[in-house]
Amino acid sequence: MTIKDIAKECGCAIGTVSRVLNDHPDVSDKTREKVLAVVQKHGFVLNTNAKQLKAQERKNIVVIVKGTSSPLLNTLLERLQKKFENLPYTVSVVVLDEEDDESARAVRLYYETKPVGFVFLGGNPDKYSQEFDNLRVPCILISNEAESVESDYLSSVSIENKLGAFSATEYLIKHGHKNIGVIGGSLDSQVSCCRYVGFVNAMKENNLDFDFDSSYQISKYSMDGGFSAVEKLIEKNKSITAIFAMSDVMAMGACRKLHEIGYHVPKDISIVGYDGIKLGEFFFPRLTTIKQNEDELVERGVSILLDCIERNTGSVHIHVPFELVEGESVRKIN
C-alpha cells in the first residue's frame with residue numbers, strides 16, 4: 001500500500017493524501033476523515049526515512065581537515081564539533097594527508113552529498129584548483145588566510161602569519177641570536193611562505209643576513225618531521241644558536257633529536273615554536289611559542305559561516321590576535 005493507492009481508493013489527489021498524513025491544516029474535515037479511514041483500514045504507516053534524510057542532507061556541513069598529525073587542527077575540530085552540537089546542522093568530517101588536494105575532494109563531495117557549507121581546517125588556498133569555482137555554497141577556511149582566492153563563497157579567519165613569524169624571530173634576536181636556522185614547510189604552502197616572509201622581514205629589519213640554502217630545512221608539520229629536519233639543519237650550519245620552527249610539533253621533534261645528538265635546549269640551541277598547543281605547556285623545556293586562540297578562531301569562523309548560510313552575507317577575511325608565550329626554550333646570549 002502506497003500513498004498513490006490510498007489516493008485512488010479515496011478518490012483524492014496524491015497531494016491531498018500527503019497533506020493529511022503530514023497533518024497539514026488546509027484539508028476539510030470530511031476529506032481528512034475519509035483518508036484516515038482508508039489508512040486505518042490498511043494499517044498504513046508513513047515512511048519518514050526519506051524525508052528525514054533529505055532534511056539532514058540540506059543541513060549537512062562538511063569539515064575537511066588537512067593534516068593527519070596536527071594537534072592544533074585536532075583541537076580546532078574538537079571545538080568545532082562541540083560548537084555545532086546545539087545547532088540544527090549535522091557535521092561530516094573528512095581527514096586528508098598534507099599532500100592531498102582538498103579543493104578537488106570538496107568539489108566531489110559537493111556533488112555527491114549536496115552540503116549547505118564547508119569548513120576547511122588547514123589547507124593551502126593558493127593551491128585550490130579551478131574546480132573550486134564549482135563550490136556554490138558558503139565555505140570558511142579556519143587557521144589560514146584566503147584573501148588570495150577569488151571566490152564569492154570562501155571566507156577565512158586566521159592570525160596574521162607574517163606578523164606572528166616576525167614576532168617570534170624578533171624575540172630570538174632581542175635575546176642576542178643572530179645566526180638563526182629555520183625548520184619549516186615547503187614554500188609552495190601558503191602558510192609556510194607567509195611565516196618565512198615574516199621571518200626574513202625581521203632579519204632584514206635588524207640588519208641580519210640569512211642564507212636559505214644553509215639555514216632552512218624543509219619538514220612536514222609533525223614531530224617526525226622536526227626530528228629528522230634538525231639534524232640535517234645542524235649538519236649544514238653548525239654555527240646556529242637558535243631555530244625558528246614553524247609549528248610546535250616540529251619544535252618538539254627537533255628538541256628530542258637535539259638531545260639525542262648531544263645538544264641541550266636552550267643552553268646550546270634555543271628554539272621558538274608556533275601554534276601554542278596545550279602539549280607545549282607540559283613539554284620540557286616548556287616551549288616559547290606564538291599562540292593561536294583556538295576558541296576565537298572557531299567562534300568567529302562558525303559565526304561567519306552561519307551568516308553566509310542563513311543570511312546570505314558576502315565572504316569576509318578576518319584576523320584574530322595572537323600571543324607570544326614565553327617558555328623555557330630560549331636563553332639570552334651576549
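**Figure 1. Helix H5 meets helix H13 in this predicted model.** On the H5 side, the residues in the contact are Leu72, Thr75, Leu76, Arg79, Leu80, Lys83 and Phe84. Their partners in H13 are Glu294, Asp295, Leu297, Val298, Glu299, Val302, Leu305 and Leu306. Sorted by class, this contact holds nine nonpolar residues, one polar residue and five charged residues. The axes of H5 and H13, the latter spanning residues 294-311, come within 9 Å of each other and cross at roughly 50°. An angle from 35 up to 65 degrees counts as oblique, and H5 and H13 are therefore oblique to each other. As for handedness, H5 passes H13 in a right-handed crossing.

**Figure 2. Helices H10 and H11 pack against each other.** Here the angle is about 55°, and the axes of H10 (residues 223-236) and H11 lie 6 Å apart. That angle makes H10 oblique to H11. Their crossing is right-handed. From H10, the view takes in Met223, Gly226, Phe227, Val230, Glu231 and Ile234. Facing them from H11 are Val249, Met250, Met252, Gly253, Ala254, Arg256, Lys257, Leu258 and Glu260. By class, the contact of H10 with H11 comprises nine nonpolar, two polar and four charged residues.

**Figure 3. Helices H1 and H2 form a contact of their own.** H1 covers residues 3-10 and H2 covers residues 14-21; they pack at an angle of about 110°, with 9 Å between their axes. This makes H1 roughly perpendicular to H2. Look for Ile3, Lys4, Ile6 and Ala7 on H1, which meet Ile14, Val17 and Leu21 on H2. Six of the residues in this contact are nonpolar, none is polar and one is charged.

**Figure 4. The largest pocket holds about 730 Å³ of space.** There are 36 residues in its lining, and those closest to the centre are Lys66, Glu98, Ser189, Val191 and Tyr221. Three elements each give two or more residues to this lining: helix H5 (71-84), helix H8 (190-205) and helix H11 (248-260). The lining of the largest pocket divides into nine nonpolar, 15 polar and twelve charged residues.

**Figure 5. The second largest pocket encloses about 220 Å³ of space.** Its lining is made by Cys255, Arg256, His259, Tyr263, His264, Val265, Phe283, Phe284 and Pro285. Sorted by class, six of these lining residues are nonpolar, two are polar and one is charged. Two names in this lining, Val265 and Pro285, come back in the next view.

**Figure 6. Two cis peptide bonds lead into prolines 266 and 285.** One of these bonds runs from valine 265 to proline 266, with omega near 10°. Proline 266 sits in the loop between H11 and strand E9 (270-275). The other joins phenylalanine 284 to proline 285, and its omega is about 0°. You will find proline 285 in the loop that links helix H12 (279-282) with strand E10 (288-292). Val265, Phe284 and Pro285 also belong to the lining of the second largest pocket.

**Figure 7. Lysine 114 has a positive phi in a loop.** Its phi is near 50°, a positive value in a residue that is not glycine. The loop in question lies between helix H6 (102-113) and strand E3 (117-121).

**Figure 8. Serine 214 of helix H9 lies 5.8 Å from asparagine 237, C-alpha to C-alpha.** H9 itself spans residues 212-215. In sequence, serine 214 and asparagine 237 are 23 residues apart. Setting aside neighbours within four places in sequence, serine 214 is in contact with Leu233, Lys236 and Asn237. Among these partners, Leu233 and Lys236 fall within helix H10 (residues 223-236).

Terms used:
Residues numbered from 1 in each chain as written. Predicted model: local features only at pLDDT ≥ 70, side-chain atom pairs only at ≥ 80, totals over all residues. Heavy atoms only, no water. 1 Å grid on protein atoms, 1.4 Å probe; cavity = no way out; pocket = protein on both sides within 12 Å on 5 of 7 lines; lining within 4 Å. Points joined across faces, edges and corners; volume = space filled by probe spheres on them. Helix = DSSP H or I, 4+ residues; strand = E, 2+ residues; numbered from the N terminus. Nonpolar A, V, L, I, M, F, W, Y, C, P; charged D, E, K, R; others polar. Axes fitted to C-alpha atoms, helices over the stretch in contact; angles between N-to-C directions. Parallel < 35°, antiparallel > 145°, perpendicular 65-115°, else oblique. Left-handed = near helix turned anticlockwise from the far one by under 90°. Contact = heavy atoms within 4.5 Å.
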